[in-house]
Amino acid sequence: MNDCIFCKIINKEIPSNIVFENEKVIVFEDLAPVAPVHILIVPKKHMASAIDLESEEDFDYIKEVYKVAKIIAQEKEISGSGFRIVNNCGEDGGQTVKHIHFHLIGGRKLEGMA
Ligand code: 5GP
Ligand code: ZN
């Protein structure tokens with residue numbers, strides 16, 4: 001997807017503060033953090049949103065997201081205090097970037113859900 005900002009980050013066409021990457025996911029700091037830890041975990045395959053996941057291969061990326069989220073939470077020392085993994089889907093879900101991604105948010109007490 002050549003007009004997708006997260007594909008451009010994956011392809012290193014635009015810079016980001018990369019925390020971790022492997023074959024399936026890239027992890028980088030959110031540009032506008034809402035908490036001391038606010039990291040985005042992004043599958044390296046362009047899939048628009050959770051509703052667009054189709055194949056077993058697609059779901060394998062999501063499995064990897066949660067595996068990596070656990071490791072990053074431990075590295076950032078928020079696994080004990082707690083954190084959120086947030087996936088916004090579609091317009092009402094507040095999704096602004098149409099490449100599926102998971103926010104890992106923590107480092108302070110989080111309130112509310114919406
Ligand atoms: P959404 O609202 O789609 O769930 O989340 C998109 C997130 O991507 C937002 O938190 C926003 O701050 C972040 N974001 C948007 N553009 C960029 C960018 O170019 N670089 C980085 N690092 N984060 C971005
Ligand atoms: Zn993309």
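What percentage of the 114 residues in the protein is made up of buried residues? In this predicted model, the figure is 37%. I shall begin with the overall architecture, then turn to the strands, the zinc site, and a few individual residues.

The protein contains 2 helices and 5 strands. Followed from the start of the sequence, these elements appear in the order α-β-β-β-α-β-β. As to dimensions, the C-alpha trace spans about 35 × 30 × 30 Å along its principal axes. For a chain of 114 residues, a compact globule would be expected to have a radius of gyration near 13 Å, and the value for this protein, 14 Å, agrees with that. The exposed surface amounts to about 7000 Å², and 51% of it is supplied by carbon and sulfur atoms. If we consider contacts between residues at least 6 apart in sequence, 52% of them join residues at least 24 apart.

Let me now turn to strand 3, which covers residues 37-43. How many of its 7 residues are buried? The count is 7 of the 7, so this strand is largely enclosed by the rest of the structure. Its side chains divide between two directions: Val-37, Ile-39, Ile-41 and Pro-43 point one way, while His-38, Leu-40 and Val-42 point the other way. Both sets are buried.

Strand 3 has two pairings that I should like to describe. With strand 2, residues 25-29, it runs antiparallel, and 5 bridges join the two. One example is Phe-28, whose bridge partner in strand 3 is Leu-40. Strand 3 also pairs with strand 5, again in the antiparallel sense and over 5 bridges. Here Ile-39 stands opposite Leu-104 of strand 5, and His-38 stands opposite Ile-105 of strand 5.

Strand 5 itself deserves equal attention. Of its 5 residues, 5 are buried, and this strand is therefore also largely enclosed by the rest of the structure. Phe-102, Leu-104 and Gly-106 point one way from the strand, with His-103 and Ile-105 pointing the other way. Strand 5 is further joined to strand 4 by 4 bridges, and those two strands run antiparallel. In that pairing, Arg-84 has Ile-105 as its bridge partner in strand 5. Ile-105 thus appears in both pairings, opposite His-38 and as the partner of Arg-84.

I come next to the zinc ion, ligand 2. Which protein atoms act as its donors? They are the SG atoms of Cys-4 and Cys-7, together with the ND1 atoms of His-46 and His-99. These donors lie 2.0 to 2.3 Å from the ion. Along the chain, they follow the spacing C-x2-C-x38-H-x52-H. The site links distant parts of the chain: Cys-4 belongs to the segment before helix 1, whereas His-99 belongs to the loop between strand 4 and strand 5, 95 residues apart.

Why is the arrangement around this zinc ion described as tetrahedral? The 4 donor atoms subtend angles of 103 to 116°, and the assignment requires all angles to lie between 85 and 135 degrees. For reference, the ideal angle for four tetrahedral donors is 109.5 degrees. Two of the donor residues can also be placed by their accessibility. Cys-4 is buried, at 7% relative accessible area, and His-99 is buried at 0%.

Beyond the metal site, Arg-108 lies in the segment after strand 5. With a relative accessibility of 40%, Arg-108 counts as partly exposed. Leaving aside residues up to four places away in sequence, Arg-108 touches Val-34, Ala-35 and Pro-36. Arg-108 and Val-34 are 74 residues apart along the chain, yet their C-alpha atoms are separated by 9.8 Å.

Finally, I should mention two backbone features. Most residues other than glycine have a negative phi. Lys-12, which is not a glycine, has a positive phi of about 60°; this residue sits in the loop between helix 1 and strand 1. Glu-77 likewise has a positive phi of about 60° without being a glycine. Its place is in the loop between helix 2 and strand 4. Is Glu-77 buried or exposed? Its relative accessibility is 68%, and Glu-77 therefore counts as exposed.

Notes. Residues are numbered from 1 along each chain as its sequence is written. Chains are lettered from A and ligands numbered from 1 in the order in which they are written. This is a predicted model: local features need pLDDT of at least 70, side-chain atom pairs count only at pLDDT 80 or more; totals for chains, interfaces and linings use all residues. Side-chain values use heavy atoms; hydrogens and water are left out. Donors are N, O and S atoms within 2.8 Å of the metal (3.2 Å for Na, K and Ca); water is not among the atoms, so sites may look incomplete. Four donors count as tetrahedral if all angles lie between 85 and 135 degrees; four count as square planar and six as octahedral if opposite donors are over 155 degrees apart and all others between 65 and 115; anything else is irregular. Buried means under 20% relative accessible area, exposed over 50%, partly exposed in between (1.4 Å probe, protein chains only). The radius of gyration is taken over C-alpha atoms; the globule rule is 2.2 Å times the number of residues to the power 0.38. Contact means heavy atoms within 4.5 Å. Accessible areas come from the Shrake-Rupley method with a 1.4 Å probe; for residues, only the protein chains shown count as cover. Two strands pair if DSSP finds at least two bridges between them.
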